[in-house]
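Here are some exercises to try with the model open beside you. Have a go at each task before you read its solution.

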Amino acid sequence: MKATPLQWKTDWRFEESQQRRHYVIEPWLDGRRVGRAHGWFESGERFVLEKIEIDSKMRSRGYGSTVIEQLRQKARTEGCRELVINNVRSNNHRAISLYEALGAKAVQLSPSLCTFAISPP
């Protein structure tokens, strides 16, 4: 049986401030939202993911990595030089494993927070 593909609801221009475009992206499966991600980007510069959430019952099914791949694709389309995942808690081992598997490198911000960067996206 073939898996049902995710549907996407995106707003790449949710809000604009100076050169930044704030975005919201939501993956949907069978009419139900399974997650949400938001952040901002500047074309030709950085593409920033501020927050990603996947419904707790839907985790470990590849949806988080699929969302990040959608963001990477948009970052490449916009000519961004890196994808940055902001404010990751140092004890969030599942998220850190995912980001590292996608090739992201950690930058420690404080004892409890780090940022991850994928360059090029």
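A pocket, as used here, is an open set of grid points with protein on both sides within 12 Å along at least five of seven lines, and a lining residue has an atom within 4 Å of a point. Keep in mind that you're looking at a predicted model.

**Exercise 1. Explore the largest pocket: find how much space it holds, and which elements and kinds of residue line it.**

Solution.

Step 1. Start with the space: the largest pocket holds about 680 Å³.

Step 2. Now look at its walls. The lining is made up of 25 residues. Nearest the centre you'll find Ile 52, Glu 53, Asn 92, Ala 95 and Tyr 99.

Step 3. Next, trace the lining back to helices and strands. At least two lining residues come from each of β5 (46–54), α1 (63–77), β6 (82–89) and α2 (93–101). The biggest giver is β5, with six residues.

Step 4. Finally, sort the lining by chemistry: 11 residues are nonpolar, seven are polar and seven are charged.

**Exercise 2. Work out how β7 and β8 are arranged, then follow the chain past β8.**

Solution.

Step 1. Find β7 at residues 105–108 and β8 at residues 113–118. They pair over four bridges, in the antiparallel sense.

Step 2. Pick one bridge to look at: Val 107 has Thr 115 in β8 as its partner.

Step 3. Check the connection. Four residues make the hairpin that takes you from β7 to β8.

Step 4. Carry on into the segment after β8, where you meet Pro 120. The peptide bond leading from Ser 119 to Pro 120 is cis, and its omega is near -5°.

**Exercise 3. Locate Gln 18 and Asp 30, and decide whether each is buried or exposed.**

Solution.

Step 1. Place them on the chain. Gln 18 is in the loop between β1 (7–17) and β2 (20–29), while Asp 30 is in the loop between β2 and β3 (32–33).

Step 2. Look at the backbone angle phi. Gln 18 isn't a glycine, yet its phi is positive, at about 55°. Asp 30 isn't a glycine either, and its phi is positive at about 50°.

Step 3. Use the cut-off: exposed means over 50% relative accessible area. Gln 18 has 83% relative accessibility, so it counts as exposed. Asp 30 has 62%, so it counts as exposed too.

Step 4. For contrast, try Lys 74, which sits in helix α1. Its relative accessibility is 17%, so Lys 74 counts as buried.

**Exercise 4. Decide how the rings of Phe 41 and Phe 47 are arranged, then look for charges over rings.**

Solution.

Step 1. You need two values, since a pair of aromatic rings is described by the distance of the centres and the angle of the planes.

Step 2. The structure has six aromatic pairs. In the pair of Phe 41 and Phe 47, the ring centres are 5.0 Å apart and the planes are at 10°, so this pair is stacked.

Step 3. Check the surroundings: Phe 41 and Phe 47 are both buried. Ring pairs also link them with Trp 12 and Tyr 23 in a cluster.

Step 4. Now for the charges. Lys 9 lies over the face of Trp 28, 3.8 Å from the ring centre. Arg 20 has its charged end over the ring of Trp 40, at 3.6 Å from the centre.

Methods: Residues are numbered from 1 along each chain as its sequence is written. This is a predicted model: local features need pLDDT of at least 70, side-chain atom pairs count only at pLDDT 80 or more; totals for chains, interfaces and linings use all residues. Side-chain values use heavy atoms; hydrogens and water are left out. Two strands pair if DSSP finds at least two bridges between them. On a 1 Å grid over the protein atoms alone, a cavity is a set of points where a 1.4 Å probe fits but cannot get out, and a pocket is an open set with protein on both sides within 12 Å along at least five of seven lines; lining residues have an atom within 4 Å of a point. Grid points are joined across faces, edges and corners, and a volume is the space filled by probe spheres set on the points. Ala, Val, Leu, Ile, Met, Phe, Trp, Tyr, Cys and Pro count as nonpolar, Asp, Glu, Lys and Arg as charged, and the others, Gly among them, as polar. Buried means under 20% relative accessible area, exposed over 50%, partly exposed in between (1.4 Å probe, protein chains only). Rings of Phe, Tyr and Trp (its six-membered ring) pair if their centres lie within 6.5 Å; planes under 30 degrees apart count as stacked, over 60 as edge-to-face and the rest as tilted. A charge sits over a ring if NZ of Lys or CZ of Arg is within 6 Å of the ring centre and within 35 degrees of the ring normal.
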